[in-house]
Amino acid sequence: MEGDSVTLNSGVQTNQQDRVRWYFNDTRIAQINRDQSKICTDVQCNEDTERFRDRLKLDHQTGSLTIMNITNTDSGVYKLKISSGSSDSEKTFNVTVHDVPGSGLSSGAVAGIVVGVLLVFAG
């Protein structure tokens, strides 16, 4: 339901050698550099991406991304790219937000957030 939060879990523990980048429909929306010298979300990463203004939270330990106050317009493809040393990995999250008012379900069930994950490892 609009207004809920959703976390896209990386499924890994990152370390200082990793570079973590998140994309929404192929536009970078969050990043942690290897030495954590650059940590950014949304407009800090890309001046043309104010759609998530102040609604993204990036976990520095796992690289997981939380979208707060989610709306129907946040539906789409989210990609996580992690580069560590000699290997790269990528996860794709397909997020769909359904608004189902008056169904009597809990807010978590009403959110209808469907996340599909595709793992791709290149090494």
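**Exercise 1. Strand E2 and its partners**

Find the strand that pairs with E2 over seven bridges in this predicted model, and give the sense of the pairing.

*Solution.* Start with strand E7, residues 76–84: E2 and E7 run antiparallel and share seven bridges. To fix the register, take Tyr23, which stands opposite Lys79 in E7. Now turn to E3, residues 27–32, which is also antiparallel to E2 and is joined to it by five bridges. Here a handy register marker is Trp22, placed opposite Ala30 in E3. Finally, look at the connection: E2 and E3 make a hairpin with two residues between them. In that turn, Asn25 has a positive phi of about 45°.

**Exercise 2. Burial of E2**

Work out how many of the seven residues of E2 are buried.

*Solution.* Begin with single residues. Trp22 has a relative accessible area of 0%, so it is buried, as the cut-off is under 20%. Phe24, at 5% relative accessibility, counts as buried too. Going through the strand gives six buried residues out of seven, so E2 is largely enclosed by the rest of the structure.

**Exercise 3. Aromatic pairs**

Classify the ring pair of Trp22 and Phe93 as stacked, tilted or edge-to-face, then do the same for Phe24 and Phe52.

*Solution.* Two quantities are needed: a pair of aromatic rings is described by the distance of the centres and the angle of the planes. The count for the structure is four aromatic pairs. For Trp22 and Phe93, the centres are 5.4 Å apart and the planes make an angle of 40°. Stacked would need under 30 degrees and edge-to-face over 60, so this pair is tilted. Next, place the partners: Trp22 is in strand E2 (residues 18–24) and Phe93 in strand E8 (residues 87–96), 71 residues apart, so the pair links distant parts of the chain. Phe93 is buried, with a relative accessible area of 2%.

For Phe24 and Phe52, the centres lie 5.3 Å apart and the planes are at 85°, which makes the pair edge-to-face. Phe24 belongs to E2, while Phe52 sits in the loop between E4 (39–41) and E5 (56–58), so parts 28 residues apart in sequence are tied together. Phe52 counts as buried at 0% relative accessibility. One more step extends the picture: ring pairs join Phe24, Phe52 and Tyr78 into a cluster.

**Exercise 4. Charges**

Locate the salt bridges, and say which parts of the chain each one ties together.

*Solution.* Side chains of opposite charge can pair when their charged atoms come close. The structure has two salt bridges. Take Asp26 and Lys79, whose closest N and O atoms are 3.8 Å apart. Asp26 is in the loop between E2 and E3 and Lys79 in strand E7, so the salt bridge connects parts 53 residues apart in sequence. Asp26 is exposed, at 62% relative accessible area, whereas Lys79 is partly exposed at 25%.

Then take Asp74 and Arg55, which meet at 2.9 Å, N to O. Asp74 lies in the loop between E6 (65–67) and E7, and Arg55 in the loop between E4 and E5, so this pair bridges a separation of 19 residues in sequence. Both Asp74 and Arg55 are buried.

**Exercise 5. A charge over a ring**

Identify the residue that lies over the face of Tyr23.

*Solution.* Go back to Tyr23, the residue opposite Lys79. The residue over its face is Lys81, at 5.0 Å from the ring centre.

Notes: Residues are numbered from 1 along each chain as its sequence is written. This is a predicted model: local features need pLDDT of at least 70, side-chain atom pairs count only at pLDDT 80 or more; totals for chains, interfaces and linings use all residues. Side-chain values use heavy atoms; hydrogens and water are left out. Rings of Phe, Tyr and Trp (its six-membered ring) pair if their centres lie within 6.5 Å; planes under 30 degrees apart count as stacked, over 60 as edge-to-face and the rest as tilted. Helices (H or I, at least four residues) and strands (E, at least two) are DSSP runs, numbered from the N terminus. Buried means under 20% relative accessible area, exposed over 50%, partly exposed in between (1.4 Å probe, protein chains only). A charge sits over a ring if NZ of Lys or CZ of Arg is within 6 Å of the ring centre and within 35 degrees of the ring normal. Two strands pair if DSSP finds at least two bridges between them. A salt bridge is a side-chain nitrogen of Lys or Arg within 4 Å of a carboxyl oxygen of Asp or Glu.
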